[in-house]
Amino acid sequence: MNRSSHRTPNRQAAHRPPQRGATVFRRYMLFFLIATGILGLYFWIAYLAPLEAGVADTAADPLTFMSEADAKRAASYSTIRDLLYFLGYFWEWGMLLWLMTSGYARTLSQGLKSLIAGVWLRFPIYIAGIAAALFALGLPLRLLSYAVARRYDVSTLSFGGWWRDQWVQFGVDYALLLAVGAVVFALARKGGTWWFRLWLLSIPFLVFMMFIRPVAIDPLFYKYERLSDPALEHAVLEMTAKAGVPAERVYEANYSEKTTAINAYVDGIGSTLRIVIWDTALQQLSAEEIVVLTAHEIGHYVKKHLQWSAVGGVVSMFFLLYIGNKAYRFALKRWRSFLFIRHPADWPGLPLLLLVVSVLTFLSTPITSAVSRNAELEADRYAYALTGDPAAAVTLYQKLAVSSRGTLHPPALTYWFRYTHPTLGDRIAEAQAYVRALP
């Protein structure tokens, strides 16, 4: 047998990992298409279903406060929005899988290694290459989401403003990925229980991020200032004083430049803890409704939900890293040949790490959402007790639905994964029950 006959099988073997990786990616994309069809059909049928008995002609019936055409439009928007939520995860997993199976992550790492000797210069460029690929691959779905929000008059943001926000978000994401990635690979190279040491480091990092987000990150997207209506400011400050919330912690933000939706939230920790009211709420709600909305956020402040959220984040991070480490090592052991990852600390393993984190985050969402709904219900009840005006809450919830083209009665899958608050229908029923209980 001549030499060429010996080399041919070796060449064929060398091409098997890429071919296997391409096969895996094609199969995943087939799953993506099938999942899109199944979920689309599910949401389409779910939003066509009639209201439950006892809801029709009540305050929780959309037709009592919006036209039939608006109700149908809200259902159509909710159908598309819910589908895009799930497709966002599936698309992200596909992107990360492609970065591995196509050899992009490996080629980028090896190419930079041959060009740049210094690891401190090479690593930031590698992270930039991964971040840029994810940005470009995810752009079509983000653009579709923006177009849908514009089509249904939920977004007021111009394309130029949207494009600017995309790049600002890219910069923030890159900085976080660079910082976290550097720590992860440095610990992984040392081996052992590197995930546990990473968890210990994540505790001050999570607290730090909660502290700086309101003052360093959020202002990149919105402008924050004191309440513009003096009479409303007096009413709000009187209520915050009654609840023991410092007056300087209440802000107005210019969300009307980007959306028609109504909201308020509490954010930060320690000296950066504050209540933020969207200016859309100030424009569309009555004074009584704004007071109830603010009282709800005061409830979060008083009940220390942000502090408990930080504790929950630390606990969930422990399990995320523990299970994630097991899943990462299992994937390396089983699919190392076509993932082009030789060691847990290899840079081409970054997409796999991100994939594991994304999948575990998705799977744990029903649990975190359920915990959040309990906190939101507690804040609702606090607001009713503080203001003594649950009737204003009913009209507030109705206006929340109108402004966001939202649904009062979402499908079960949407409720489990997307609803960090009780449904608007449930909140209306709760407020009405409180009204009936008043003397």
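Both faces of strand 4 are covered in this predicted model: Arg-274, Val-276 and Trp-278 on one side and Ile-275 and Ile-277 on the other are all buried (under 20% relative accessible area, with exposed meaning over 50% and partly exposed in between; 1.4 Å probe, protein chains only). Strand 4 spans residues 274–278, and five of its five residues are buried. In a regular strand, side chains alternate between the two faces of the sheet. Strands (E, at least two residues) and helices (H or I, at least four) are DSSP runs numbered from the N terminus.

Residues are numbered from 1 along each chain as its sequence is written. Local features need pLDDT of at least 70 and side-chain atom pairs count only at pLDDT 80 or more, whereas totals for chains, interfaces and linings use all residues; side-chain values use heavy atoms, with hydrogens and water left out.

Strand 4 is paired with strand 2 and with strand 3, where pairing requires that DSSP find at least two bridges between two strands. Strand 2 (residues 250–253) runs parallel to strand 4 and is joined to it by four bridges; Tyr-251 has Val-276 as its bridge partner. Strand 3 (residues 264–267) pairs with strand 4 in the antiparallel sense, also over four bridges, and here Val-266 stands opposite Ile-275. Strands 3 and 4 form a hairpin with six residues between them, and Gly-268 in the turn adopts a positive phi of about 90°.

Helix 14 (residues 424–437) comprises 14 residues and reaches 20 Å from its first C-alpha to its last, close to the 20 Å expected at 1.5 Å a residue (1.5 Å times one less than the number of residues). Leu-424, Gly-425, Arg-427, Ile-428 and Ala-431 of this helix are buried. Seen down the helix axis, the buried residues of helix 14 fall within an arc of 160° (taken from the directions from the axis to the C-beta atoms), so they line one face of the helix. On the other side of helix 14, Arg-436 and Ala-437 are exposed. The cover over the buried residues includes helix 9 (287–302), helix 11 (350–387) and helix 12 (390–404), with contact meaning heavy atoms within 4.5 Å.

Helix 14 also supplies at least two residues of the lining of the second largest pocket, as do helix 1 (3–48) and helix 2 (68–101). The largest share of that lining, seven residues, comes from helix 2. The second largest pocket is lined by 34 residues, of which Tyr-47, Ala-49, Leu-51, Thr-407 and His-409 lie nearest its centre.

How values were computed:
1 Å grid on protein atoms, 1.4 Å probe; cavity = no way out; pocket = protein on both sides within 12 Å on 5 of 7 lines; lining within 4 Å.
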